[in-house]
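The following exercises concern one protein model and are to be worked with the sequence and coordinates at hand. Each task is followed by a stepwise solution.

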Amino acid sequence: MDRLDREILGILQQDARISYRDLGVCVGLSANATADRVRRMRRDGVIRGFTVIVDPAADTRGGLVVFIDLSLRQDTSNDEFERKVATLPGITEVVHVTGEYDYLVRARAADPAALDALLRRLKREAGVAQSSTRIALRAAVTHRPPGAP
């Protein structure tokens, strides 16, 4: 990855829907050269996908949003855990972290019973030894791309 690739990534992180023509103008390349770079970064796994940021106030799914700190059992590898947790319903983000715990998981559960079931599955199937769960009450600050209202 060179300076132009990093510049392209920065722009795409702010607006993934920008046209190749407009993106090329921003970085001083033709639309075709820009598209080639984006396709290469996707093929190489640098860009893993594109997503939509939903305003939490507009999210009507309801239920609980939870943050779960997890420590793995000694016999569980990071790769094993990451493969298994990716298959569990309700998991929206898994981050390998420093500190007291091994991972921070963001998840959504319909109700306390569904949260209990998720926690039990994490321990039984994904090799979790210990967990600490926090329930989100509201989003006090959310990230909005520059220029968004």
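**Exercise 1. In this predicted model, determine which residue forms a salt bridge with D5, and establish which parts of the chain the pair ties together.**

Solution.
1. The partner of D5 is R40, and the closest N and O atoms of the two are 2.8 Å apart.
2. D5 belongs to helix α1 (residues 3-14), whereas R40 belongs to helix α3 (residues 31-43); the pair therefore ties together parts that are 35 residues apart in sequence.
3. The accessibility of each partner is then classified. A residue under 20% relative accessible area counts as buried. D5, at 2%, is buried, while R40, at 26%, is partly exposed.
4. The pair also belongs to a wider arrangement: a network of salt bridges links D2, D5, R37 and R40.
5. As a general principle, side chains of opposite charge can pair when their charged atoms come close.

**Exercise 2. State how many salt bridges the structure holds, and describe the pairs R43 with D44 and R124 with E125.**

Solution.
1. The total is 13 salt bridges.
2. R43 and D44 meet through their side chains at 3.7 Å, N to O. R43 counts as exposed, at 64% relative accessibility.
3. For R124 and E125, the closest N and O atoms are 3.2 Å apart. R124 is exposed, with a relative accessible area of 55%, and E125 is partly exposed, at 31%.

**Exercise 3. Characterise the packing of helix α2 (residues 20-27) against α3: the crossing of the axes, the residues in contact and their chemical character.**

Solution.
1. The two axes come within 8 Å and cross at roughly 95°.
2. Angles of 65 to 115 degrees count as roughly perpendicular, so α2 is roughly perpendicular to α3.
3. From α2, the residues Y20, R21, L23, G24 and V27 take part; they meet A31, T34, A35 and V38 of α3.
4. By character, the residues of this contact comprise six nonpolar, two polar and one charged.

**Exercise 4. Identify which residues have the most contacts inside the largest nonpolar core, and which elements give two or more residues to this core.**

Solution.
1. The core has 19 residues, and those with the most contacts inside it are I68, L70, F81, I91, L118 and L122.
2. Two or more residues come from each of β1 (64-72), α4 (78-85), β3 (103-109) and α5 (112-125). The largest share, five residues, is given by β1.
3. I91 illustrates the connections: leaving aside residues up to four places away in sequence, I91 touches V85, V105, R106, A107 and L118.
4. Apart from this core lies another, of 10 residues, including L4, L12, I18 and M41.
5. In soluble globular proteins, nonpolar side chains tend to be buried together.

**Exercise 5. Summarise the overall fold: which pattern do the elements follow along the sequence, and what percentage of the residues counts as buried?**

Solution.
1. The protein contains five helices and four strands.
2. Along the sequence, these elements follow the pattern α-α-α-β-α-β-β-α-β.
3. The protein has 149 residues, of which 27% count as buried.
4. Of the contacts between residues at least 6 apart in sequence, 64% join residues at least 24 apart. The pair from the opening exercise, D5 and R40, ties together parts 35 residues apart.

How values were computed: Residues numbered from 1 in each chain as written. Predicted model: local features only at pLDDT ≥ 70, side-chain atom pairs only at ≥ 80, totals over all residues. Heavy atoms only, no water. Core = buried A, V, L, I, M, F, W, Y, C linked by side-chain atoms within 4.5 Å. Buried < 20%, exposed > 50% of the residue type's maximum accessible area, 1.4 Å probe, protein only. Contact = heavy atoms within 4.5 Å. Salt bridge = Lys/Arg side-chain N within 4 Å of Asp/Glu carboxyl O. Axes fitted to C-alpha atoms, helices over the stretch in contact; angles between N-to-C directions. Parallel < 35°, antiparallel > 145°, perpendicular 65-115°, else oblique. Nonpolar A, V, L, I, M, F, W, Y, C, P; charged D, E, K, R; others polar.
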